[in-house]
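Subject: Structure handover and notes

Dear colleague,

I am passing on the structure we spoke about, and I would be grateful if you could look through it alongside the notes underneath.

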Amino acid sequence: MKKGKTTGARALIKALESRGVEYIFGYPGGATLPLYDELAKSSIKHILARHEQGAAHMADGYARASGKVGVCMATSGPGATNLVTGIATAFMDSSPIIAITGQVPRAMIGNDAFQEVDTTGITIPITKHNYLVKRASELPATIEEAFYLASTGRKGPVLIDIPSDVQKEEFHLQEVKRKPLEGYKPTITGHPGQIRRAIQQIKASKRPLILAGGGIFHADATDELIELAESGNFPIVYTLMGKASIPNSHRLCFGMIGYHGRVEANTAISEADTIVAIGVRFSNRSTGKLQNFATQASIIHIDIDPAEIGKNVPATLPIVGDAKHILAELTKQLKKSNIDGSKHEEWILHLASVRKKHPLRGRMEGVNTPNIIRKLKEVAGDIILVTDVGKHQMFAAHYFPVDTPRSFLTSGGLGTMGFSVPAAIGAKVARPDKKVAVIAGDGSFFMTSQQIASAVQYNIPVLILIMNDYCLGMIHQLQDVLYGKRYNACDLERIVDYAKLAESMGAVGIRVTEEKDIESAISKGLESERPVVIDFILEEKENAYPMVVGDTLLDILE
Amino acid sequence: MKHTISVYCDDTPGVLTRISGLFSRRGFNIESMSVGHTEIPGKSRFTIVVKGDDNVLEQVRKQLQKLIHVIRAWDIKPQLSVEREHALLKLKVEEDKRGELLQIITAVQARIIDSTEDIWILEVTGNSSMVDNAFNLFKNYNILESIRTGKIALERGSVLNAR
C-alpha cells in the first residue's frame with residue numbers, strides 16, 4: 001500500500017477504536033474477511049457468538065447494561081438475516097447498537113450472487129437508520145454519523161452494510177468530512193411554556209401519578225425521577241421497560257401496570273386525575289383497550305420522540321425533550337412553587353390499602369417460579385437480572401424487586417424469546433463488576449442456549465436459572481384461561497437434560513428438584529467463575545397472575 | 001378526508017423506499033405521490049396525498065419527520081396553495097367525432113401533443129378536479145390508454161416551509 005493510503009477495513013476498525021469501542025460481538029463469513037483481518041491487529045476484542053442472533057442480543061445487552069453503544073457484526077446474506085431478530089428487538093426497546101454487515105462486491109449487487117440479500121432493504125423498518133457504503137472513503141464519516149444517530153435523540157439500532165470490495169478498497173485518509181444532517185435535530189430541552197403549564201396542572205391535581213417507562217433508563221434519569229416524585233409526594237407506577245427506573249421498594253412505588261400489572265398499579269392508572277407519563281409509548285400491553293385507559297386522567301406526556309405524542313393515547317399536555325432535563329426542571333419549579341405534597345397522602349394511603357387487599361398470590365414454597373425468584377433476590381441482592389420472554393418474565397417483573405437502574409433487562413417491545421442468554425453475556429461483558437443472572441423458561445432458554453459456548457470460551461460467568469415445566473408456559477396459560485384448556489403444541493416433553501447440555505459446553509450444570517437445594521444451588525452459581533445453568537424442575541405449571549381478562553385494566557384475574 | 005403533505009428531503013439512494021415503505025408499514029393509504037429534484041442540488045421534494053383524519057395526518061407527518069434524510073415534512077392547506085396535476089391520454093379518433101373532440105379539447109384547455117395516424121395523445125394540466133373533469137369528458141370516446149402524475153403543490157406568497 002502506498003504511503004498515506006488506507007483500506008476500507010482498516011479505516012473502519014480505526015474509526016471504531018477512536019470511538020472507544022472495546023468489544024465486537026460477531027460471527028465471520030466470506031464477506032467480512034477483510035474486516036476480520038484488520039480486527040486481528042486491533043485492540044478491540046471480538047466475542048465469537050454461536051449464531052448471529054446471539055451477536056445482536058449480546059450487543060443489545062451490552063448497551064442496556066452500560067448505556068454505551070453495542071457493536072455486532074455479521075456476514076452478508078444469512079449472516080445479516082440472522083441478525084434481524086436481534087436488531088428488531090433493539091429497535092422496539094430503543095437500544096443503541098451498531099450492526100455491521102458484509103455485502104457482496106459492488107459489481108455483483110443485484111445479481112443474486114452467493115450469500116447476497118438486500119440487507120438495507122430488509123432492515124429499513126427495524127433500524128433508526130442504515131447505510132450501504134459504496135466508497136471506502138465514506139466509511140470514517142459513516143461510522144461517526146452512525147454512532148451519533150444510535151446514541152442521541154431516541155436511541156436505536158443503526159446498520160452499516162459494506163461490500164467486501166469496499167472493505168479492500170484503498171483510499172487517501174482525510175478525504176471526506178461528515179456533512180451536517182439537516183433533517184436530524186433531536187429536541188433536548190423541554191419547552192419552557194409547556195413545563196410551566198405542566199406545573200400548574202400538577203399542582204391543581206388531587207390524584208397525581210407518575211408513569212415511568214423505558215425512556216427513564218435510556219436518559220439515565222432515575223435520580224431526577226425520584227427527586228420529582230419526592231418533591232411533590234407523587235406515587236409512581238411503571239411499565240415493564242420502566243421497572244428499573246426507581247428502586248422498587250421505594251415508598252412511592254406502586255408496581256407495574258398493564259396486562260399483567262398489579263391491581264394497585266392499574267387502580268392508580270384508572271383513578272388518577274393527572275398522569276405524568278415519561279418515556280412511555282403506551283403499548284397495548286400497558287394500556288389494554290385504549291378507550292378504557294386512564295379515563296379520568298389528563299395526561300402530561302414527556303418523550304424525546306415527538307411521534308410518540310398522541311400516537312396511541314391523546315396527551316393533554318405534551319413536552320418533547322430529554323427526560324433527564326425535563327424532570328430536573330419540573331422538580332426545580334415545583335419546589336419553587338412550594339407544592340404541598342402532604343395533600344396527596346390520602347391518595348397514597350388509598351393505593352397502599354389496595355395493595356394490601358391484593359397481595360401477590362404466587363407459590364412462595366416448593367420448587368416454583370415465584371419462590372425461586374424470591375430466593376434469588378435474597379441470596380444475590382443487587383444484580384443485573386436478564387429475563388427471557390414468557391410466564392417467567394411476568395413472575396420476574398413482580399417477584400424480583402430491583403434497586404438500581406439498568407439492573408432489569410428484558411425484551412419488552414418485541415418480546416423476543418431467546419433474548420436472555422446472549423443479552424446476559426453482553427451485559428456481563430459491559431459490567432464485569434456486577435453479577436448477572438438470567439431467568440428463562442425452558443422454551444426460551446433453548447432458543448439460544450448454544451451461546452453458552454461463547455460464555456465458556458471467553459470466561460464470562462453468567463448464572464442461568466431455567467424455570468423448567470417442560471412446557472411453553474405462557475401458551476399453556478393462555479390456552480388454559482382463554483381457550484377452554486384445549487392445550488396444543490405447548491408440550492416440550494421431558495426430552496432435554498439442560499444441566500447435561502450445559503456440562504457438554506463446559507459450563508456448570510445443576511439440576512434442582514427439591515426446595516432445600518434452591519438456595520445452595522443459587523449461591524454456588526453466583527460464586528462460580530464459570531457460566532452456570534441451574535435447571536429447576538418445577539413442581540407445577542403455575543399461571544402468572546395478575547392477568548387482565550376483560551375490557552378494562554381492572555377486569556383482572558389474580 | 002384527503003390531506004396533502006409536502007416533504008423536502010435529501011436526494012439520496014433509497015429515500016423513496018424509506019418514504020413509501022413508511023406508509024405501507026404504518027397502515028397509511030397513499031392516494032398519490034410525486035417526486036422530483038428541486039432548484040437546490042441534492043434536494044428532492046415529494047408531494048403526497050393521504051387519506052385519513054387529522055390524527056392520521058399528524059402521525060404521518062411526525063413519522064416522516066423522523067426519517068434521517070427528511071429535512072421537513074408539512075401539511076399543505078388547499079386554500080393557501082396552488083396545485084397541479086398532469087395527465088396524458090391516448091385516444092383513437094373516429095372521423096365523425098373529430099369535431100366534438102376538438103371542442104372538448106379547447107374547453108378543458110388540453111393540447112394535442114402527438115397525432116400518429118388516427119391516434120392522438122392529449123396533454124391535460126390543472127388541479128385535480130380539472131383533470132378529473134377532462135377524464136370524465138373524454139371517457140365517452142375511445143381512450144386507448146392514459147396516465148396521470150400525482151399532484152404537486154406549492155403554497156402561495158412568501159410561505160417557504162422547506163427552508
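The notes below go from the domains and the interface to the cores, and then to one residue in some detail.

Please keep in mind throughout that this is a predicted model.

Chain A is divided into three stretches, with domain 1 covering 5–172, domain 2 covering 192–357 and domain 3 covering 369–548. The C-alpha centres of domain 2 of chain A and domain 3 of chain A lie 30 Å apart, and across the boundary between them 20 residues of domain 2 of chain A are in contact with 17 residues of domain 3 of chain A. On the domain 2 side, the residues that touch domain 3 of chain A comprise eight nonpolar, nine polar and three charged ones.

Between the chains, 14 residues of chain A are in contact with 17 residues of chain B. The side of chain A that takes part has seven nonpolar, five polar and two charged residues.

As for the interior, the largest nonpolar core has 190 residues, and those with the most contacts inside it are A:A55, A:C72, A:I98, A:V438, A:I464 and A:L465. Helix 4 of chain A, residues 78–92, provides the largest share of this core, namely eight residues. Leaving aside residues up to four places away in sequence, A:V438 touches A:V386, A:S420, A:V421, A:A424, A:V462, A:L463, A:I464 and A:L465. Another core, of 11 residues, lies apart from the largest one, and B:A87, B:L89, B:A110 and B:V131 are among its members.

Turning to chain B, its secondary structure comes to four helices and nine strands, which follow one another from the N terminus in the order β-α-β-β-α-β-β-α-β-β-α-β-β. The C-alpha trace of chain B spans about 55 × 35 × 30 Å along its principal axes, and of the 163 residues of chain B, 26% count as buried. Among contacts in chain B between residues at least 6 apart in sequence, 74% join residues at least 24 apart.

One residue of chain B that I followed further is B:T47, which is placed in strand 3 of that chain, residues 43–51. B:T47 counts as buried because 23 other C-beta atoms lie within 10 Å, the cut-off for burial being 20 or more. Not counting residues up to four places away in sequence, B:T47 touches B:T4, B:S6, B:S34, B:G150, B:K151, B:I152 and B:A153. The C-alpha atoms of B:T47 and B:A87, which are 40 residues apart along the chain, are separated by 16 Å.

With best regards

Note on methods
Residues are numbered from 1 along each chain as its sequence is written. Chains are lettered from A and ligands numbered from 1 in the order in which they are written. This is a predicted model: local features need pLDDT of at least 70, side-chain atom pairs count only at pLDDT 80 or more; totals for chains, interfaces and linings use all residues. Two residues are in contact if their C-beta atoms, placed from the backbone, lie within 7 Å. Ala, Val, Leu, Ile, Met, Phe, Trp, Tyr, Cys and Pro count as nonpolar, Asp, Glu, Lys and Arg as charged, and the others, Gly among them, as polar. Domain bounds come from an automatic or database domain assignment. A nonpolar core is a set of buried Ala, Val, Leu, Ile, Met, Phe, Trp, Tyr and Cys residues joined through C-beta atoms within 7 Å. A residue is buried if 20 or more other C-beta atoms lie within 10 Å of its own, exposed if 12 or fewer, and partly exposed in between; C-beta atoms are placed from the backbone. Helices (H or I, at least four residues) and strands (E, at least two) are DSSP runs, numbered from the N terminus.
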